[in-house]
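Morning, everyone. One structure today, and I'll keep it brisk. Please have a look at it while I talk.

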Amino acid sequence: MSTLEPERGTGTGTLVEPTPQVSHGDGDHERFAHYVQKDKIMASALDGTPVVALCGKVWVPGRDPKKYPVCPMCKEIYDSMGSGGDEGGKDK
């Protein structure tokens with residue numbers, strides 16, 4: 001018998017693929033609204049592409065940001081940018 005052929009009579013089974021382990025850190029990013037460029041939020045709403053917040057969180061917005069407090073890290077970065085910053089879109 002060739003080593004490339006499966007053994008016969010071994011029974012049938014179900015192939016189970018491992019579930020990828022996605023780390024969300026301590027979960028704090030899920031409890032806040034984050035600052036993102038307004039044009040990026042609009043693009044994400046149209047085509048579903050992920051956005052990147054000032055603090056580095058990457059996600060596809062889908063929740064009402066008004067229901068959450070602003071991410072302290074995003075707020076600190078936004079405040080340090082001054083009034084000339086274009087990254088004023090708040091979304092969660």
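I'll go from the overall layout to a handful of residue-level details.

First, a caveat. This is a predicted model. Please keep that in mind for every distance I quote.

Start with the fold. What pattern does the protein follow along the sequence? Reading along, we get β-α-β-β-α-β. That makes two helices and four strands. Of the 92 residues, 22% count as buried. The exposed surface comes to about 7,200 Å². Carbon and sulfur atoms supply 54% of that surface.

Now contacts. Take those with a sequence separation of 6 or more. Residues 24 or more positions apart account for 62% of them.

A concrete case of a long-range link comes next, from the aromatics. How many aromatic pairs does a search of the whole structure find? One. The partners are Tyr35 and Tyr78, and the pair is stacked. The ring centres are 4.8 Å apart, with 20° between the planes. Look at where the two sit. Tyr35 is in strand S1, residues 34-36, and Tyr78 is in helix H2. That is 43 residues apart, so the pair links distant parts of the chain. Burial differs between the partners: Tyr35 is buried, with a relative accessible area of 11%, whereas Tyr78 is partly exposed at 27%.

Stay on helix H2 for the charges. The salt-bridge count comes to one. Which side chains meet in it? Lys75 and Asp79, at 3.6 Å from N to O. Helix H2 covers residues 72-81, and the two partners are four residues apart in it. Because of that spacing, about one helical turn separates Lys75 and Asp79. Are these two buried or partly exposed? Lys75 is partly exposed, at 39% relative accessibility. Asp79 is partly exposed too, at 48%. As a general point, side chains of opposite charge can pair when their charged atoms come close.

Another lysine to look at is Lys57. Lys57 lies over the face of Trp59. The distance to the ring centre is 4.8 Å.

On to the cysteines. How many disulfides does the structure hold? Zero. Cys71 is in no disulfide, and its nearest cysteine sulfur, that of Cys74, is 4.0 Å away. Cys74 has its closest cysteine sulfur in Cys55, at 3.6 Å. Why no bond between Cys74 and Cys55? Because 3.6 Å is too far for one. The cut-off here is sulfur atoms within 2.5 Å. As for burial, Cys71 is buried at 3% relative accessible area. Cys74 is buried as well, at 0%.

Cys74 also leads us to Ala53. Ala53 lies in the loop between strand S2, residues 51-52, and strand S3, residues 58-59. Is this loop residue buried or exposed? Buried, at 4% relative accessibility. What does Ala53 touch, leaving out residues up to four places away in sequence? His34, Tyr35, Val36, Trp59 and Cys74. Several of those names have come up already. Tyr35 is the buried member of the stacked pair. Trp59 is the ring that Lys57 lies over. Now take His34 on its own. Ala53 and His34 are 19 residues apart along the chain. Their C-alpha atoms are separated by 5.8 Å.

Last stop, helix H1. This helix covers residues 38-47, and Ser44 is in it. Ser44 is buried, with a relative accessible area of 5%. Which residues does Ser44 touch, again not counting those up to four places away? Thr49, Val51, Val60 and Pro61.

Lys40 lies in helix H1 as well. Lys40 is partly exposed, with a relative accessible area of 43%. Val51 comes up here too. Lys40 and Val51 are 11 residues apart in sequence. In space, C-alpha to C-alpha, they are 6.4 Å apart.

A quick recap. The pattern is β-α-β-β-α-β. There is one aromatic pair, one salt bridge and zero disulfides. Over to you for discussion.

Key. Residues numbered from 1 in each chain as written. Predicted model: local features only at pLDDT ≥ 70, side-chain atom pairs only at ≥ 80, totals over all residues. Heavy atoms only, no water. Salt bridge = Lys/Arg side-chain N within 4 Å of Asp/Glu carboxyl O. Buried < 20%, exposed > 50% of the residue type's maximum accessible area, 1.4 Å probe, protein only. Contact = heavy atoms within 4.5 Å. Areas by Shrake-Rupley, 256 points an atom, 1.4 Å probe, with all protein chains shown as cover. Phe/Tyr/Trp six-rings, centres within 6.5 Å; stacked < 30°, edge-to-face > 60°. Lys NZ or Arg CZ within 6 Å of the ring centre and 35° of its normal.
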